[in-house]
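Hello,

Here is the structure we talked about handing over. Please load it first, then read the notes below.

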Amino acid sequence: MANTVIVGTQWGDEGKGKIVDLLARYADLVVRFQGGNNAGHTMVVNGEQFISHLVPSGILQGKTCCIGNGLVVDPEVLLEEIESLTAKGVDVSPEKLMISERAQVIMPYHKQVDLARERMKGNDRIGTTGRGIGPAYEDKANRQGIRFVDLIDPEIFTNQVKTVLHDKNFYLKNYLSSDPMDEKSIIDSYIVYAQKLAPYVNNISIKIDKAIKTKQQVLFEGAQGTHLDIDHGTYPFVTSSNTVAGNACCGAGIGPKKIDEVLGIVKAYTTRVGAGPFPTELFDETGNQIQEKGAEFGATTGRRRRCGWLDTVILRNAARLNGLTGLCITKLDVLGDLKTLNICTGYECDGKKIDYFPASLKVLEKCKAIYETFPGWSEDISGIRDFESLPQNARIYLNRIEDLTETPITLISVGPGREQTIVLRNPFNE
Ligand code: GDP
Ligand code: IMO
Ligand code: MG
């Protein structure tokens, strides 16, 4: 038994979807525990690409997938995803996909508020995905949210919308100078979604508990990344949920002693979408080269991702915050052809060296990355399947990441395909 949590260690898009899809083969249940359709997780199986925003990335392996109570779920997007996967021959029946009755529903006014606020902030905007994530979590915290158990009861749902919409329309119209929303059309469309999704709504906590008690293995799929965490990230340039491994327990409804392994997904360099600090960001030709070779465009919004060198200050932060038991290094193939590579080992701020991640954005903005430089390699490594066959310079680069993070590498990804992976240790019992 090895219940495993998979989290992003950087600012998202580390390749979590690929690794979850690969390891889901050994799991019985795959559970998302936070976020919503701000996530975009890419899987490439037999040359075909799948991008999932809400359905856990274990679905292509035919595993039972759960959407935990910690998510905010847009029912329209979920239905589209179910339909598109079904059209591709994937089984997404209620036996294979379950939504927690306690998960929160993203409503049309959440999206409207998200977009209008970003417009109003102008240059100070966060660069959200515009999917209504922040406003939906706000409503959860202020106890104005609507849960799936309420959505599928038309009477309760209708009353809740009527009460909340009054507030929302006042705010939209008078503060955000945005259009108010029509009560009837929201209720009518959501009642149709509710009818379609009702068979999927279930008590996920009980399902997971039963699975664990019968020695089944559970994979918990994180979204976003450690430095987008609402508490531990580059606040306020973060998402609105806890993305760290501890939230797998809360967002799925299990106790902390049930987790055996925590794998941190690390892109071999760093990327970020949206605004916010990024100490190792590159603004030169090397940055462009990585962006192009890595095809660094957002899987959700299509935005160009900012690119930079690997930063082990944030990786050490991620190792501590998540209690990482292993690292999965992805996109190593993208670094081929660079003459030299840099790894950030610490920051210099006002003439002082610091090796922790500052909470103050003012301090962070003054931080300059301190680098160690490594020779690159020019061989194509995308066909390599064992560590010893990697070019010596690639092995040196990887060994230094292990040293600097004091965390062993478990897995190395050398291409987007499921099979393009070097597995050093499988966290699951086979
Ligand atoms: P996620 O949000 O963490 O699941 O990551 P995304 O799917 O948003 O972004 C990762 C991108 O890199 C996707 O397009 C993947 O297909 C791709 N990818 C994953 N691993 C590798 C790899 O090892 N090499 C290359 N070249 N691409 C990869
Ligand atoms: P995956 O799971 C990368 C970023 C947005 C923005 C900030 C807040 O694919 O790694 P939000 O819409 O959540 O309020 O936006 O967080 N962001 C992501 N960046 N990958 C993601 O998910 C992200 N989800 C949110 O770009 O900067
Ligand atoms: Mg992504």
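**Helix α1 and its surroundings**

In α1, the buried residues are Lys16, Gly17, Lys18, Ile19, Val20, Asp21, Leu22 and Leu23. That is 8 of the 8 residues of α1, so the helix is largely enclosed by the rest of the structure. Keep in mind that this is a predicted model. Helix α1 comes back below, in the shell of ligand 1.

**The magnesium ion**

Start with the metal. Which protein atoms act as donors to the magnesium ion (ligand 3)? They are Asp13, through OD, and Gly40, through O. They lie 2.0 to 2.2 Å from the ion. The two donors tie together distant parts of the chain, 27 residues apart. Asp13 belongs to the loop between β1 (4-8) and α1 (16-23). Gly40 belongs to the loop between β2 (29-32) and β3 (41-45).

Are these donors buried or exposed? Asp13 has a relative accessible area of 23% and is therefore partly exposed, as the buried class ends at 20%. Gly40 has 11% relative accessibility, so it counts as buried.

Both donor residues also have polar contacts to ligand 1 and to ligand 2. Details follow.

**Ligand 1**

How many residues surround ligand 1? There are 18. The closest are Lys16, Gly17, Thr42, Asp333 and Ser413. Helix α1 gives the most to this shell, with 3 residues. Both α1 and β3 supply at least two residues each.

Three polar contacts to oxygen atoms of ligand 1 are worth a look:

- Asp13: an N or O atom of its side chain is 2.9 Å from a ligand 1 oxygen.
- Glu14: a backbone N or O atom lies 3.1 Å from a ligand 1 oxygen.
- Gly40: a polar backbone atom is 2.8 Å from a ligand 1 oxygen.

Taken alone, ligand 1 exposes 590 Å². The protein buries 92% of that. Ligand 1 occupies the second largest pocket.

**Ligand 2**

Now the other ligand. Around ligand 2 there are 20 residues. The closest are Asp13, Lys16, His41, Thr129 and Thr239. Lys16 is also listed among the closest residues to ligand 1.

The polar contacts here include these:

- Asp13: a polar backbone atom is 2.8 Å from an oxygen atom of ligand 2.
- Gly40: a polar backbone atom is 2.9 Å from an oxygen atom of ligand 2.
- Thr129: a polar side-chain atom lies 2.6 Å from an oxygen atom of ligand 2.

Alone, ligand 2 exposes 550 Å², and the protein buries 98% of that. Which pocket does ligand 2 take up? The largest one.

Note how Asp13 is used. Its side chain contacts ligand 1. Its backbone contacts ligand 2. Its OD is a donor to the magnesium ion.

**Gln217**

Next, a residue in the loop between α8 (204-213) and β10 (218-221): Gln217. Its relative accessible area is 6%, so Gln217 is buried. A polar atom of the Gln217 side chain lies 3.3 Å from the backbone nitrogen of Ala2.

How far apart are Gln217 and Phe237 in space? They are 35 Å apart, C-alpha to C-alpha, with their positions 20 residues apart in sequence.

**Backbone geometry to check**

Some background for this part. Most residues other than glycine have a negative phi, and most peptide bonds are trans. The cases below depart from that.

The peptide bond from Tyr235 to Pro236 is cis, with omega near 10 degrees. Pro236 sits in the loop between β10 and α9 (247-252).

Gln224 is found in the loop between β10 and α9. Gln224 is not a glycine, yet its phi is positive, about 60 degrees. Its relative accessible area is 9%, which means that Gln224 is buried.

Glu406 also has a positive phi, about 50 degrees, and is not a glycine either. Where is Glu406? In the loop between α13 (392-405) and β19 (409-413). Is Glu406 buried or exposed? Its relative accessibility is 74%, so Glu406 counts as exposed.

Best regards

Key:
Residues are numbered from 1 along each chain as its sequence is written. Chains are lettered from A and ligands numbered from 1 in the order in which they are written. This is a predicted model: local features need pLDDT of at least 70, side-chain atom pairs count only at pLDDT 80 or more; totals for chains, interfaces and linings use all residues. Side-chain values use heavy atoms; hydrogens and water are left out. Donors are N, O and S atoms within 2.8 Å of the metal (3.2 Å for Na, K and Ca); water is not among the atoms, so sites may look incomplete. Helices (H or I, at least four residues) and strands (E, at least two) are DSSP runs, numbered from the N terminus. Buried means under 20% relative accessible area, exposed over 50%, partly exposed in between (1.4 Å probe, protein chains only). A residue is near a molecule or strand if one of its heavy atoms lies within 4 Å of it. A polar contact is a pair of N or O atoms within 3.5 Å; within protein, one must be able to donate a hydrogen and the other to accept it, and residues adjacent in sequence count only if both atoms are side-chain atoms. Accessible areas come from the Shrake-Rupley method with a 1.4 Å probe; for residues, only the protein chains shown count as cover. On a 1 Å grid over the protein atoms alone, a cavity is a set of points where a 1.4 Å probe fits but cannot get out, and a pocket is an open set with protein on both sides within 12 Å along at least five of seven lines; lining residues have an atom within 4 Å of a point. A molecule sits in a cavity or pocket if more than half of its atoms lie within 2 Å of its grid points.
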